Amino acid sequence: SSGINAEYGGGCQLQEKIVAACGKKMVVIADFRKKSVQLGDQWKKGIPLEVVPMAHVPVMKKLEEYGLRPVLRLAKSKAGPVVSDNGNFIVDAGFTGPHNWDALETKMSRTPGIVETGLFVNYAKVAYFGMEDGSVSVSRKPSLTGF
């Protein structure tokens, strides 16, 4: 796809996706370490997924069938898994190299037990990156109308 793709690694993918979908324009602001030509060039820690707790084991098995390396995200300050604001678990689906993110997001969204993904395929219209030297680099989604 020719638009701007992004990944959100926090702990509540469903709420973040709702906010992004309801907004008039999604703008990404990040530092230079997140800038890449293709999603997956820089970020290798995995795609965060919000998963219904009772389904996390079969979901993780299905993700392995998709060629991903799923890991249940564990809490740092308490015992057990990270729990989203909605009471779901977070599974980080590791990957190697760029993928067809649109197709992968569709496949994961159709997997029973996955509530939402941290992929934002073609959501952002513009991305601002704070560069190491203090400058700002701007990436814009190509216009579909040519204007």
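Two exercises on strand 5 and serine 84 follow, each with a worked solution.

The model is a predicted one, in which local features need pLDDT of at least 70 and side-chain atom pairs count only at pLDDT 80 or more, while totals for chains, interfaces and linings use all residues. Residues are numbered from 1 along each chain as its sequence is written, and side-chain values use heavy atoms, with hydrogens and water left out.

**Exercise 1.** Determine how strand 5 is placed with respect to strand 3 and strand 4, and whether its residues are buried or exposed.

*Solution.* Strands are DSSP runs of E with at least two residues, numbered from the N terminus, and two of them pair if DSSP finds at least two bridges between them. Strand 3 (residues 47-51) pairs with strand 5 in the antiparallel sense over five bridges, with glutamate 50 opposite isoleucine 90. Strand 4 (residues 69-72) also runs antiparallel to strand 5, joined by four bridges, and here arginine 69 stands opposite glycine 94. Next, six of the six residues of strand 5 (residues 89-94) are buried, so the strand is largely enclosed by the rest of the structure; buried means under 20% relative accessible area, with a 1.4 Å probe and protein chains only. Phe89, Val91 and Ala93 point one way, and Ile90, Asp92 and Gly94 the other.

**Exercise 2.** Describe the surroundings of serine 84, in the loop between strand 4 and strand 5.

*Solution.* Serine 84 is buried, with a relative accessible area of 5%. Leaving aside neighbours within four places in sequence, serine 84 is in contact with Gly11, Cys12, Glu50 and Ile90, where contact means heavy atoms within 4.5 Å. Finally, the side chains of serine 84 and glutamate 50 are joined by a polar contact of 2.8 Å, a term for a pair of N or O atoms within 3.5 Å of which, within protein, one must be able to donate a hydrogen and the other to accept it, residues adjacent in sequence counting only if both atoms are side-chain atoms.

Terms used
Buried means under 20% relative accessible area, exposed over 50%, partly exposed in between (1.4 Å probe, protein chains only).
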